[in-house]
Amino acid sequence: MGRKPLDPAASTPRYREQVAGLAGAAAPFRADNIARNRDTGNAASPTSHLTFDATSKTECGISQSSSFTADAANMMAHSVRPNALTDELVEVISGFSMEKDTRQFKLLRDCASKGLRNQHYARVNQFDVASRLDGLIEKFRILNNEPLADALQTRLDELRDQGTKSAPEILSFFLHLSDKPVEKTRLADLELLKPPAPPPPLTWAEIIADDPLNEEGVWDEVEFGTGSNSEESVSFDEEQSSDRSTPPSNPAQDARDLPELYDASDAAQEMSQNIMDEITQAQFWRQLGSEIVVITELQAIREVLLMLRGIPSSLFQVDKYDKVRSLRACRIAQTSISAFHDILDDFARTGTILAQLRGWTKQKYEQVLPQAYQASVERRLWQFDGSIAEIDESFVTRTGSTVTVSILELENRVRYLTEPWRSVATTIQSDRHIAGLDFLDRLYERLCYLTMEGSDGPTLSYHYTLYQEPFKVYLKPIARWMQSGELLDDPRSPIRLADQHCDLGRMWSDRFELVPNGLEHPAIPMKKVFTIGKCVRMLQELGHDNICPAIDFRPPAEFSKERFEAAINRWVDSCAAPVITLQECLRDSAHGQALWKSLDLLDGPYLSELAIRSIDGGDRYVLAELTRIRTGAPWLIRNIMREHNVHLCIYNALLPLYRAKTTLQRLSASTRSDKLALRQRLLWFADTLLTYMTMDVLKPTLLQARTRLRQATDIDAMATAFAQLVTRLEAQLLLPSTLKPITTAIASLLDLPLALSHVWETNVTVDELGNGYVRLLTFVTHGIQSISRDGEQSWGLLAEKLSWGCM
Amino acid sequence: MPAADDSKRKAARETIDILHEISTLLNTHLDRQSLSYCVSLIENGVNPEALANVIKDLRQHNPQQRSDNGL
């Protein structure tokens, strides 16, 4: 409480004077006030008009009545500093000063202020300014004044190198003010600008020459005693050091030797006792006691303004719960006691809200989001204090204009200014768990609620401004994750490090996890954010740096749920470059080649070759190759082609087919027609299944997978496409356990060639084998037919082909 | 950071020096003090033409204006 809104940027003494005057050091004003009231008489009406300098209207002919805009806070910072500068400027240029020529000074200053505030001029066109300056330089040259032209050009170039922001405006100003430079300017004038060379520094030789250090006693100990003026007891004068026999407390000596002292009594002005009495009387708070003191309306207003700014005031009391209570110690002449006290009570209620808000901003929170919110509120309160200070200033600073003194008008104004604060205070007070992790969500809900309710502009705007700071703080870890893949320790974040040391081949799926915890902002697409960060990490592993420049989130100027959430989505999308970069990496470079090569290894030709090799006895080679398929791909590809055994499944499906075929093909010629017929049928069966696998399953499925992988926009999509490939292959190879009876029957069918080869050379009939073949084939065909109704299309094709064999 | 503040002040001084020289070359009759006030006002958003008119106005009221040769 009791913070004064000093603008830290301003530093001129005059400004500090003004602020000191504003902040309630009201004695000089009150004296004047009383003098005026005596002159004009206290009006009987509730509002008394107080006219400053009623006789001097400005030369411009308009007496300004002050009008306040609601958001005067911004004006505070801008208008007070130029006012101070204006005063200085008027003094320097016109030669009149406030102290000596008050009347003229004020006239000129008011005119100047009005003139400066005039906005009816065109904006400065920097190209126009540049061309005019070029024209001037050209003129200098034409009139044979090269040195001047060069001098001007050089300095314009130097100014440009400085990079001053307002350079075009300043130069335009010079051009307006310039007075026939072509005729009147002399280069010698520049020389006069240079400061005179400083005198050469004093050397020890000169000092010693002037006053040699060999006098008696010059090196003895000096006694520092307390003189008549204790601050001047240390003597720097070398002359005096030779007189040290006398104590340095000799006033005459001091006065003679030491530099001229500033006599403090010069600063005091004689005042008459009347004025002293008036001042003492005006300090009404000295008279508070058992009786009710009558004060002026203006005094009451200023006390109210003090209270609103959290400064101790004589009309109000604040208890330890920050509750403001009006004291019944005073009254004003214009209204009845009860009416006056009602007004004060109304102010006290407003003051309580502000005091409680101020008290809340002092509370310590450990979480960073509530801290950010507190900082927002504090900043806004500071601006509010500025508005109140401006109102106060209007009563103190005499601008030669009329100011209305009305406590009722103040009530209205204050109500308007504090309306948004009531809403904010309600939010804070109703939210006992500000320190909770979902505090930000409740703020957002409140914002949306206010929008739906059709809440008025300033209130919604206040809440929105206050929300933005903590929201930006909340976004920081998310932004960090998306831009550099770094995870900050943030309890709100659903992104966690799951397995820090997992294999690179499983980095995408296993290293990080997204665990929604209900604390994410509803508008943030967390899955997209998660993907982007993972892409950044992957790219870092691949050796890419500086993947995405940091882009800040820009909230929309006005709040609506749709606009805000759209802005968030746009921001996340703007950070999504790494996803595209990673995809390009996968498609174009060596990684892309590796991906397609890995798919080729699943295709019929290669695995068939392995199967044949195996039959020919190349087991070790085959085993090595099969392992290589699994582990040989680059780690980036392994993130897409997650753990799978599909190549083994394909191989294991192909192997018995090739083995059957080889066995049948190696059977020697025979004359037994039944054996030949069976051999033929078994060969047909093996071929049919082989064709099914290679042409109807592997080829189209892999082709489809390739297309899907090419079209995928991120690794998740690619991994999904690959997983789908595996599932489809497994299904079409009849691997699901529900199809075991069928696969068992097929396996039995494929054992028949071996059985046949055992009896090929003998006289045993093959009727039993033949019957077995028919039975098994029928079973397999019907089985596949039945599953094909609801399943893969290729099953239907297979069933149809197999059915020809049943005929 | 004192070093950064120092260099800022030094840079501001250099700019004012350059501006003072330019204003002298253009014969604006501005001394260094007035110039720095004007520059501050312009940086605070005052319109240059408005400021120039105000200065001309103020000069007319200066009793010493006729003998003033600008520095």
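Start by selecting A:Arg155 and B:Glu21. Their side chains meet in a salt bridge, with N to O at 2.4 Å. Keep in mind that this is a predicted model. Side chains of opposite charge can pair when their charged atoms come close. How many salt bridges are counted between chain A and chain B? The count is one.

**The interface around that pair**

Now show polar contacts between the two chains. Ten residue pairs are in polar contact across the interface of chain A and chain B, both partners being at pLDDT 80 or more.

Next, color chain A by helix and look at the side that touches chain B. The elements giving two or more residues to that side include helix 3 (73–94), helix 4 (102–117) and helix 5 (126–142) of chain A. Helix 6 (146–162), helix 7 (167–177), helix 8 (181–184) and helix 9 (188–193) of chain A are also among them. Which helix of chain A gives the most to this side? Select helix 3 of chain A: the helix contributes ten residues.

Recolor the same side by residue class. The residues there divide into 30 nonpolar, twelve polar and ten charged.

**Both chains together**

Select the contact residues on both sides. You should have 52 residues of chain A in contact with 45 residues of chain B. The size of an interface is often given as the accessible area lost when the parts come together. Here the area buried between chain A and chain B is about 4500 Å². Carbon and sulfur atoms give 74% of that area.

Zoom in on A:Ile93, A:Phe173 and A:Phe174. In chain A, these three lose the most area to chain B. Together they make up 15% of what that side buries.

**Inside chain A: a salt bridge**

Leave the interface. Over all chains, the count comes to 28 salt bridges. For one within chain A, select A:Arg302 and A:Asp392. They form a salt bridge, and their closest N and O atoms are 2.8 Å apart. Where do the partners sit? A:Arg302 is in helix 15 (residues 297–308) of chain A, and A:Asp392 is in helix 17 of chain A. The pair links distant parts of the chain, 90 residues apart.

**Last stop: two packed helices**

Stay with helix 17 (residues 368–396) of chain A and add helix 19 (residues 439–453) of chain A. These helices pack at an angle of about 45°, with their axes 9 Å apart. That angle makes helix 17 of chain A oblique to helix 19 of chain A.

Show side chains at the contact. Helix 17 of chain A brings A:Leu369, A:Pro370 and A:Tyr373. Helix 19 of chain A brings A:Phe439, A:Leu440 and A:Leu443. By class, this contact has six nonpolar, no polar and no charged residues.

Notes:
Residues are numbered from 1 along each chain as its sequence is written. Chains are lettered from A and ligands numbered from 1 in the order in which they are written. This is a predicted model: local features need pLDDT of at least 70, side-chain atom pairs count only at pLDDT 80 or more; totals for chains, interfaces and linings use all residues. Side-chain values use heavy atoms; hydrogens and water are left out. Axes are lines fitted to C-alpha atoms, for helices over the stretch in contact, and angles run from 0 to 180 degrees between N-to-C directions. Helices (H or I, at least four residues) and strands (E, at least two) are DSSP runs, numbered from the N terminus. Angles under 35 degrees count as roughly parallel, over 145 as roughly antiparallel, 65 to 115 as roughly perpendicular and the rest as oblique. Contact means heavy atoms within 4.5 Å. Ala, Val, Leu, Ile, Met, Phe, Trp, Tyr, Cys and Pro count as nonpolar, Asp, Glu, Lys and Arg as charged, and the others, Gly among them, as polar. Buried area is the accessible area (1.4 Å probe) that two parts lose on being put together, summed over both. A salt bridge is a side-chain nitrogen of Lys or Arg within 4 Å of a carboxyl oxygen of Asp or Glu. A polar contact is a pair of N or O atoms within 3.5 Å; within protein, one must be able to donate a hydrogen and the other to accept it, and residues adjacent in sequence count only if both atoms are side-chain atoms.
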